[in-house]
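Welcome, and take a moment to turn the model around before reading on. We will go through it together, starting with one idea about what lies inside and what lies outside.

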Amino acid sequence: MAKNSFNKVKAGDLELKEKVVAINRVTKTTKGGRTFSFSALVVVGNEHGVVGHGLGKAKEVQEAITKGIDDAKKNLIKIPVMKGTIPHDQFAKEGAAKVLIKPAAHGTGVIAGGSMRAVLESAGITDVLAKSLGSANPHNVVKATFKALGLLREPVQVAKSRSVSLKKVFNG
C-alpha cells in the first residue's frame, strides 16, 4: 500500500470556516436509566486549499461541535486546487465507503452528495464531479474524501518525479 504523505498544515492564523456534517445522538442504558450524549462530525476549511475534519463527543450538542472544531484544526491538510478544480481523477476507500473525484470544467459547480460536498466546498473547490460509492456512513465518506484529496499531486510534482516537461505531463 502506498504511504500517505499528506501535506499537514498548522491552524495558526488561518481564517477557517466550519461546517457540521453530522450530529449523532448516542444512548447508553445503565441500571439508573438512559444517558444521552452527542457526537458531531465537523469539517473546517479556509476555502483556499486547506481543509480538516474532526469528531467531537460531549453531553451537549454545542460542546460536541466545539470539540469537533478543535479536533479538525489539528488535522488540517493542504490540497492542490487549480482554477477551482482538482488536477486529476482520484479514487479512495475508507472502510466500506468509496469515493471517486473528477475534475470539471469551469461553471460546473460542486456535484457531490452530502458529506463529500461539505469537504469539497470547505477546501475551496468550486468545480468538481464526485460520486460516493458503497457505504453512506458520513464518517467513512469524509475520511475517504480526505484520503482522495491527500493523494492528489500537483502537475509540477509529477513532472519533476518523471523528469519530463510540464507540457508533456498534460499532453501525454
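A residue is called buried when its relative accessible area is under 20%, exposed when that value is over 50%, and partly exposed in between. With that in hand, look at S122, a residue of helix α2. Its relative accessible area is 3%, so S122 counts as buried. Please keep in mind that this is a predicted model.

Which residues does S122 touch, leaving out those up to four places away in sequence? They are K19, V43, V44, G45, N46, E47, V50 and V51. We will come back to one of these, E47, further on.

Let us step back to the whole chain. The protein has 172 residues, and 37% of them count as buried. Its secondary structure consists of 5 helices and 9 strands. Read from the N terminus, the order is β-β-β-β-α-β-β-β-β-α-β-α-α-α. The C-alpha trace spans about 70 × 35 × 35 Å along its principal axes. Among contacts with a separation of 6 or more, 58% are made by residues 24 or more positions apart.

The outside can be described in numbers too. About 10,100 Å² of surface is accessible, and carbon and sulfur atoms account for 52% of that. As for charge, there are 28 positive and 13 negative side chains. The centres of these two sets are 9 Å apart.

Now for the way the chain is divided. Domain 1 covers residues 17–77, and domain 2 covers residues 80–171. Taken over C-alpha atoms, the centres of the two domains are separated by 24 Å. The contact between them involves 18 residues from domain 1 and 14 residues from domain 2.

What about the inside? In soluble globular proteins, nonpolar side chains tend to be buried together. Here the largest nonpolar core has 27 residues, and I101, L120, I125 and L149 have the most contacts inside it. At least two residues of this core come from each of β3 (33–45), β7 (97–103), α2 (114–123), β9 (128–134) and α3 (138–150). The largest share, 6 residues, is supplied by α3. Domain 1 and domain 2 each give at least three residues to this core.

I125 makes a good place to pause within this core. Setting aside neighbours within four places in sequence, I125 is in contact with I79, V81, G84, T85, I86, V110, L120 and L149. Two residues in that list, L120 and L149, are also named among those with the most contacts inside the core. Apart from this core lies another, of 11 residues, which includes L16, V50, A64 and A72. V50 is also one of the residues touched by S122.

That brings us back to helix α2. How many of its 10 residues are buried? The count is 7, and α2 is described as mostly covered. The buried residues are S115, M116, A118, V119, L120, S122 and A123. Just after the helix comes G124, whose phi is positive, near 95°.

M116 is another residue of α2 to look at. Its relative accessible area is 0%, so M116 is buried. Beyond four places in sequence, M116 touches V99, L100, I101, A130, K131, S132, V141 and T145. One of these, I101, is among the residues with the most contacts inside the largest core. For a sense of distance, try finding R162: M116 and R162 are 46 residues apart in sequence, and their C-alpha atoms are 31 Å apart in space.

Finally, two loop residues deserve a look for their backbone. E47, which S122 touches, sits in the loop between β3 and β4 (50–58). Its phi is near 60°, a positive value in a residue other than glycine. Is E47 buried, partly exposed or exposed? Its relative accessibility is 33%, so E47 counts as partly exposed.

K83 also has a positive phi in a residue other than glycine, near 55°. Its place is the loop between β5 (76–78) and β6 (90–94). With a relative accessibility of 81%, K83 counts as exposed. Going from S122 at 3% through E47 at 33% to K83 at 81%, you can now find a buried, a partly exposed and an exposed residue in the model.

Definitions and conventions: Residues numbered from 1 in each chain as written. Predicted model: local features only at pLDDT ≥ 70, side-chain atom pairs only at ≥ 80, totals over all residues. Heavy atoms only, no water. Helix = DSSP H or I, 4+ residues; strand = E, 2+ residues; numbered from the N terminus. Buried < 20%, exposed > 50% of the residue type's maximum accessible area, 1.4 Å probe, protein only. Contact = heavy atoms within 4.5 Å. Areas by Shrake-Rupley, 256 points an atom, 1.4 Å probe, with all protein chains shown as cover. Lys, Arg positive; Asp, Glu negative; His and termini not counted. Charge placed at Lys NZ, Arg CZ, Asp CG, Glu CD. Core = buried A, V, L, I, M, F, W, Y, C linked by side-chain atoms within 4.5 Å. Domains from an automatic or database assignment.
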